[in-house]
Amino acid sequence: MLKRLIQFATSEIVLWSAGLFALYFLGSSGTEGTVCLFAGLGLERCWGCGLGHAVHDAMHFEFAHSVAHHPFGIPVLLTLLYRIYQLAIPHLQTKPPWTSNS
């Protein structure tokens, strides 16, 4: 049981979904509460932070801000959403056990 729980918690679909969920609610301004090493060292520009903020802004439909943070924010968001969709398809096509007639 614990092994299945760990496998589920570390599965790709859960990790990508949790990452996007966290980015959606992450504040777009400032570096408060960041885990970025470069921001912690006082550097203002970090490609990773810029990409994270760009994805955050794209999820909030602020496309001009997204492109200003990082030009690949929107393509990365679309790629991640498509990957989550690909991973969810097998789960959506199987019938739940309680719907069987046997």
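**Helix packing and aromatic pairs in an all-helix predicted chain**

The cover over the buried residues of helix α4 includes α2, α5 (63–69) and α6, where buried means under 20% relative accessible area, exposed over 50% and partly exposed in between, with a 1.4 Å probe and protein chains only. The model is a predicted one, in which local features need pLDDT of at least 70 and side-chain atom pairs count only at pLDDT 80 or more, while totals for chains, interfaces and linings use all residues. Residues are numbered from 1 along each chain as its sequence is written, and side-chain values use heavy atoms, with hydrogens and water left out.

The secondary structure amounts to six helices and zero strands, giving the pattern α-α-α-α-α-α along the sequence. Helices here are DSSP runs of H or I with at least four residues, strands are runs of E with at least two, and both are numbered from the N terminus. Of the 102 residues in the chain, 24% are buried. Contact means heavy atoms within 4.5 Å; among contacts between residues at least 6 apart in sequence, 49% join residues at least 24 apart.

Helix α4 (residues 47–59) is a good place to start. Its 13 residues should span 18 Å at 1.5 Å a residue, and the end C-alpha atoms are indeed 18 Å apart, so expectation and model agree; the expected span is 1.5 Å times one less than the number of residues. How many of the 13 residues of α4 are buried? The count is 10, and the helix is thus described as mostly covered. The buried residues are Cys49, Gly50, Gly52, His53, Ala54, Val55, His56, Asp57, Ala58 and Met59.

The loops on either side of α4 each hold a residue of interest. Cys46 lies in the loop between α3 and α4 and counts as buried, with 18% relative accessibility. Leaving aside residues up to four places away in sequence, Cys46 touches Cys36 and Phe38. The C-alpha atom of Cys46 is separated by 9.9 Å from that of His69, 23 residues apart along the chain. On the other side, Phe61 sits in the loop between α4 and α5. Most residues other than glycine have a negative phi. Phe61, although not a glycine, has a positive phi of about 60 degrees, and with a relative accessible area of 65% the residue is exposed.

Two alanines connect α4 with other helices through C-alpha separations. Ala39, in helix α3 (residues 37–40), is buried at a relative accessible area of 15%, and its C-alpha atom is 8.3 Å from that of Cys49, 10 residues apart along the chain. Ala64, in helix α5, is exposed at 65%; the C-alpha atoms of Ala64 and Ala54, 10 residues apart along the chain, are separated by 9.4 Å.

Two of the helices that cover α4 also pack on each other. Two packed helices are described by the angle between their axes and the distance between the axes. For α2 (residues 12–25) and α6 (residues 73–93), the angle is about 145 degrees and the axes are 9 Å apart. Axes are lines fitted to C-alpha atoms, for helices over the stretch in contact, and angles run from 0 to 180 degrees between N-to-C directions. The crossing of α2 past α6 is left-handed, meaning that the near helix is turned anticlockwise from the far one by less than a right angle. In this contact, Glu12, Ile13, Trp16, Ser17 and Leu20 of α2 meet Leu77, Leu80, Leu81, Arg83, Ile84, Leu87 and Ala88 of α6. These residues divide into nine nonpolar, one polar and two charged, with Ala, Val, Leu, Ile, Met, Phe, Trp, Tyr, Cys and Pro taken as nonpolar, Asp, Glu, Lys and Arg as charged, and the others, Gly among them, as polar.

Searching the whole structure yields four aromatic pairs. Rings of Phe, Tyr and Trp (its six-membered ring) pair if their centres lie within 6.5 Å, with planes under 30 degrees apart counted as stacked, over 60 as edge-to-face and the rest as tilted. Tyr24 and Phe25 form an edge-to-face pair, at 4.9 Å centre to centre and 85 degrees between the planes. Tyr24 is partly exposed at 34% relative accessibility, and Phe25 is exposed at 57%. The pair of Tyr82 and Tyr85 is tilted, at 6.4 Å centre to centre and 35 degrees between the planes. These two tyrosines are separated by about one helical turn because they are three residues apart in helix α6; Tyr85 is partly exposed, at 48%. Finally, ring pairs link Phe21, Tyr24 and Phe25 into a cluster.
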